[in-house]
Amino acid sequence: MGFTVSPQKSIVEVHSLQGLQRCSNQAGPSFGVVSCSALKGSSFYLNCSMNCSYRNQLYSQGKEFLRSGRTLFSLQCRGVESVSIDRVEENDQDDWSVGSHVSGSGREFRVEMTTTRNHGSSILFADGPLVENDEETNNEILQNLCKNGSLMEATKLIDIMSRINQIPNSTCSTNLIRGLIRIGRIERASRVLKTMVMSGLVPDVITYNMMVGGFCKRRQFRSAIDLLEDMSLSGCPPDVITYNTIIRSLFDNGKFDQAVEFWKGQLRRGCLPYLIPYTILIELVWKHCGTMRALEVLEDMAIEGCYPDLVTYNSLVNFASKEGKYEDAALIIYNILSHGMEPNAITYNSLLHSLCSCGLWDEVDEILSIMKKTSHPPTVVTYNIMINGLCKCGLVERAINFFVQMVSENCCPDIITYNTLLTALCKEGMVDEALQVLVLLSDSNYSPGLITYNTVIDGLTRRGYMDEAMKLYNQMIEKGIAPDGITHRSLVWGFCWIDQVEDAVEILREMGRRDHRINSSAYGMVINGLCRNKRVDTAIQVLEMMVSGRYKPDEEIYSTLIKSVADAGMVEEADELHQKLIERKVLRENHVG
């Protein structure tokens with residue numbers, strides 16, 4: 001607050017603040033001015049009409065006024081005819097910290113101040129020393145404050161610089177804004193942003209987008225939209241991320257109609273009809289409000305000059321198909337046709353993918369028939385979708401028919417087609433057919449890879465066709481394709497299954513040489529097979545391989561080995577081995593081998 005005392009000629013101007021920064025005494029022959037300025041508190045304006053011959057008298061009276069500490073007073077001066085005091089409210093309060101103190105008695109006015117010229121340390125924010133600094137010095141202080149993470153102090157410094165017409169450093173201001181947003185001080189960040197713009201600096205679109213995101217996070221959508229409208233004026237127009245942020249935030253908060261009206265408003269203001277925000281808007285409307293409302297919005301946007309294209313429609317078809325809403329998908333396709341557009345392969349493929357997932361094969365045949373009559377016949381992607389869907393449902397014969405059909409239509413299968421079909425054939429035990437498809441693959445433009453060989457080898461070993469499996473194993477090595485752990489584990493399993501355990505041991509040794517991971521189950525399977533065939537010596541060697549490979553045999557493996565040793569007529573040796581394993585706590589005391 002302030003007080004005004006109005007006599008006639010001389011002027012005494014006093015700023016009595018909580019933190020007194022400096023006091024200056026200026027006087028002339030016929031007038032005196034005492035001014036004290038600092039940062040915070042009330043201001044007193046004292047205008048006295050007096051005949052003061054000496055400036056010392058006037059200064060003494062000003063000091064006495066300050067020392068009184070009163071808010072209501074009478075000041076006696078020579079020649080004063082009338083004194084009027086006006087109370088003036090001062091609202092420009094800030095939360096800056098100053099080291100000042102006014103005693104409770106009102107009779108004592110004490111000021112504690114600490115200022116420093118060390119730019120790297122914290123400073124007392126009184127106007128004096130910062131106002132006296134030039135722009136370069138204050139920017140150096142600003143840079144150090146930002147570097148040290150003193151964001152609030154840096155914000156206050158920028159406020160001071162703006163009052164004395166100094167331009168803050170653009171990089172520091174940008175980093176400060178981003179830092180304030182990250183700690184949730186969006187209002188402070190907004191003040192710094194306005195200072196930047198008013199100083200002629202242009203924030204980048206990333207900073208603006210962070211501000212928009214910060215407002216949206218706090219549900220201050222009006223502020224976010226206002227900021228978006230200010231962006232172009234500052235020389236940094238919004239981008240698709242700006243629009244997407246606002247649209248998604250409005251939908252996340254249930255403001256569906258407001259989101260639609262927001263985009264309409266942007267179009268009316270001359271915003272380019274960006275495809276991505278438009279498509280996202282339509283998708284969100286469909287998700288939250290249904291197909292009919294989405295189609296209505298499409299029509300409304302067309303009136304505003306933002307016409308839907310096939311990408312937007314395909315997105316809706318894809319969403320409807322994934323949700324299993326085939327009637328909605330059909331309605332969208334009808335809308336495509338009614339606007340003079342023709343669905344393309346992507347439109348049909350989205351629908352086919354969903355139909356195949358649900359096993360609606362009659363509808364699949366109908367869509368395929370329609371595609372063949374249009375200018376967008378089935379592609380390799382189309383056939384892959386159908387073959388994959390049929391294989392997952394176990395309809396391998398029908399999948400083979402589609403494979404033959406696509407070849408006859410000069411639609412060349414790709415490696416995905418072959419691998420999908422080979423996996424299904426091997427899973428169903430149709431290994432002869434799988435070998436035929438593998439031959440076709442070798443004769444095509446695509447060469448079998450590690451995955452292809454592993455798929456067929458696994459299928460052969462599960463049927464016990466180890467000769468054919470080993471032929472493929474040697475073939476892949478000749479082609480320079482290195483077998484991996486999956487290849488070898490399939491062979492080990494196959495040899496053990498047909499009781500050719502010695503061959504399984506050789507595969508284990510090959511895996512060891514190649515440093516392939518051998519799991520405990522593979523070791524156990526081989527040891528069990530060897531013990532079953534009375535090959536105890538070899539079983540012990542495999543056990544040593546297992547231990548050296550840092551695998552811990554379980555009780556079942558040891559029990560099998562002990563039993564095999566006893567069955568071979570070495571009962572004492574089996575009993576001795578049993579006791580040693582108990583002593584080493586490998587087997588339990590009451591365990592029976």
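Start by selecting Thr461: this residue is buried, with a relative accessible area of 0%. The model on your screen is predicted. Keep that in mind at every stop.

**Stop 1: Thr461 and its surroundings**

Thr461 sits in helix H21. Show its side chain and look for Asp458. The side chain of Thr461 reaches the backbone oxygen of Asp458 at 2.9 Å. Now display what lies around Thr461, skipping neighbours within four places in sequence. Its contacts are then Met466, Ala469, Ser490, Leu491, Trp493, Gly494 and Trp497.

**Stop 2: Two helices side by side**

Select residues 450-462 for helix H21 and residues 485-497 for helix H23. How far apart are their axes, and at what angle do H21 and H23 pack? The axes are 9 Å apart and the angle is about 10°. Angles under 35 degrees count as roughly parallel, so H21 and H23 are roughly parallel to each other.

Colour the residues that make this contact:

- From H21, pick Leu450, Asn454, Ile457, Asp458, Thr461 and Arg462.
- From H23, pick Ile486, Thr487, Ser490, Leu491, Trp493, Gly494 and Trp497.

Then colour by class. The contact of H21 with H23 has six nonpolar, five polar and two charged residues. Thr461, from the previous stop, is part of this contact on the H21 side.

**Stop 3: Two aspartates in loops**

Move past H23 and select Asp499. This residue lies in the loop between H23 and helix H24 (501-513). Check its backbone: Asp499 has a positive phi of about 65°, although it is not a glycine. Is Asp499 buried, partly exposed or exposed? Its relative accessibility is 37%, so Asp499 counts as partly exposed.

Next, select Asp515. You will find Asp515 in the loop between H24 and helix H25 (520-532). Its phi is positive too, at about 60°, and Asp515 is not a glycine. Turn on the surface here. Asp515 is exposed, with a relative accessible area of 69%.

**Stop 4: A proline in a loop**

Jump back to Pro413. The loop that holds Pro413 runs between helix H18 (396-408) and helix H19 (415-427). Is Pro413 buried or exposed? At 9% relative accessibility, Pro413 counts as buried.

Show what touches Pro413, again leaving out neighbours within four places in sequence. You should see Val380, Phe403, Met406, Val407, Tyr418 and Tyr446. Now add Asn445 to the selection. Pro413 and Asn445 are 32 residues apart in sequence, and their C-alpha atoms are 9.5 Å apart in space.

**Stop 5: Tyr278 in helix H11**

Select residues 275-289. This is helix H11, and Tyr278 lies in it. Tyr278 is buried, with a relative accessible area of 1%.

Which residues does Tyr278 touch, leaving aside neighbours within four places in sequence? They are Trp263, Leu298, Met301, Cys306, Tyr307, Pro308 and Thr312. Take Trp263 from that group and draw a line between C-alpha atoms. Tyr278 and Trp263 are 8.0 Å apart in space and 15 residues apart in sequence.

**Stop 6: Ser234 and its polar partners**

Go to Ser234, in the loop between helix H8 (221-233) and helix H9 (240-252). Ser234 counts as buried, at 11% relative accessibility.

Follow its side chain in two directions. One polar contact joins it to the side chain of Tyr208, at 2.8 Å. The backbone oxygen of Met231 lies 2.7 Å from a polar atom of the same Ser234 side chain. Set aside neighbours within four places in sequence, and Ser234 is in contact with Val197, Val202 and Tyr208.

**Stop 7: The cysteines**

How many disulfides does a search of the whole structure find? The search finds zero.

Select Cys358 to look at one case. Its closest cysteine sulfur is in Cys356, at 9.5 Å, too far for a bond. A disulfide needs the two sulfur atoms within 2.5 Å. Cys358 is partly exposed, with 47% relative accessibility. Compare Cys216, which is buried at 4% relative accessible area.

**Last stop: Zoom out**

Show the whole protein as a cartoon. It has 28 helices and eight strands. Of its 593 residues, 44% count as buried. Finally, turn to the contacts with a separation of 6 or more. Residues 24 or more positions apart account for 61% of them.

Key: Residues numbered from 1 in each chain as written. Predicted model: local features only at pLDDT ≥ 70, side-chain atom pairs only at ≥ 80, totals over all residues. Heavy atoms only, no water. Axes fitted to C-alpha atoms, helices over the stretch in contact; angles between N-to-C directions. Helix = DSSP H or I, 4+ residues; strand = E, 2+ residues; numbered from the N terminus. Parallel < 35°, antiparallel > 145°, perpendicular 65-115°, else oblique. Contact = heavy atoms within 4.5 Å. Nonpolar A, V, L, I, M, F, W, Y, C, P; charged D, E, K, R; others polar. Buried < 20%, exposed > 50% of the residue type's maximum accessible area, 1.4 Å probe, protein only. Polar contact = N/O pair within 3.5 Å; in protein donor to acceptor, adjacent residues only side chain to side chain.
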